[in-house]
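Biologist: Please give me a close look at one part of this model, the largest pocket. Start with how such a space is defined, then work outward from its lining.

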Amino acid sequence: EPCGIQVFHCLNHEGTGGRTLLVDGFYAAEKVRQQSPENFELLTKVPIRHEYIEKSENHRNHMTGIGPVLNVYPWNDQMYLIRYNNYDRSVINIVPHDLVRRWYVAHRELTNELRRPENELWVKLTPGKVIFIDNWRVLHGRDSFTGLRQLCGCYLTRDDVLSSARVFGLQA
């Protein structure tokens, strides 16, 4: 299961670039739903294997999961999770062959919508700035940078963050 909230804290940046890209995945998916309901449905029904492998000196992880790119509640068709990470998508070998081509057409339509410049928000994280990202809804990335750039971050569960927000009277 993808982490719910991702936190980035910029500690230092002595250089240029390194802007953070934010894209509302739900907005882009709703555009696909309006333009091509059959492609939207395919992205909510076809299970795709996701895999993350990390091998470094200090960390070793091998996480896998299976689920559609878009997750909706069955009782109201409301979206609650987008799994869009081309780097973590594994081989597509659990999908019937006749669906693979159609799935890629649907995925390309979603990709095109996600990459529209009008759907992008670029934010510059400067030292001291912290950003909380709803990782079930917002896609994020960054552009290239020069110099020393130090970030620290963590993952939080959605339930904990939403509970705290409600306790403090914030809209959650």
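Modeller: On a 1 Å grid over the protein atoms alone, a pocket is an open set of points with protein on both sides within 12 Å along at least five of seven lines; a lining residue has an atom within 4 Å of a point. Points are joined across faces, edges and corners, and the volume is the space filled by probe spheres set on them. The model is predicted, so local features need pLDDT of at least 70 and side-chain atom pairs count only at pLDDT 80 or more, while totals for chains, interfaces and linings use all residues. Residues are numbered from 1 along each chain as its sequence is written, and side-chain values use heavy atoms, without hydrogens or water.

The largest pocket has a volume of about 1,500 Å³. Its lining takes in 33 residues, and Y84, N85, D88, N135 and H140 are the closest to the centre. By class, 16 lining residues are nonpolar, 11 polar and 6 charged (Ala, Val, Leu, Ile, Met, Phe, Trp, Tyr, Cys and Pro count as nonpolar; Asp, Glu, Lys and Arg as charged; the others, Gly among them, as polar).

Strands supply much to discuss here. β1 (5–14), β2 (20–24), β3 (48–55), β4 (60–67), β9 (138–142) and β10 (148–156) each give the lining at least two residues. Strands are DSSP runs of E, at least two residues, and helices are runs of H or I, at least four, numbered from the N terminus. The protein chain has 4 helices and 10 strands. Their order from the N terminus is β-β-α-α-β-β-β-β-α-β-β-β-β-α. The C-alpha trace spans about 50 × 40 × 35 Å along its principal axes.

The pocket lining also draws on two domains. At least three residues come from domain 1 (1–19 + 124–171), and at least three from domain 2 (26–118); the bounds come from an automatic or database assignment. The domain centres, taken over C-alpha atoms, lie 22 Å apart. In the contact (heavy atoms within 4.5 Å), domain 1 places 6 residues and domain 2 places 7. About 640 Å² is buried between them, 70% of it from carbon and sulfur atoms; buried area is the accessible area (1.4 Å probe) lost when two parts are put together, summed over both. W136, R137 and L139 supply 76% of what domain 1 buries against domain 2, more than any other three residues. The count of salt bridges between the two domains is 0 (a side-chain nitrogen of Lys or Arg within 4 Å of a carboxyl oxygen of Asp or Glu).

The structure as a whole holds 7 salt bridges. One of them joins E30 to R33, with the closest N and O atoms 3.0 Å apart. Both residues sit in helix α1 (residues 25–35), 3 residues apart, about one turn.

Back to Y84 and N85, which are among the residues closest to the pocket centre. Both also help line the largest cavity, along with H50, V69, R83, N86, R89 and H107. A cavity is a set of points where a 1.4 Å probe fits but cannot get out. The structure has 1 cavity of 30 Å³ or more. The largest has a volume of about 40 Å³. Its lining divides into 2 nonpolar, 4 polar and 2 charged residues.

Last, E54, in strand β3. E54 touches H59, R60 and N61, leaving aside residues up to four places away in sequence. The C-alpha atoms of E54 and Y84 are 18 Å apart, with the two positions 30 residues apart along the chain numbering.
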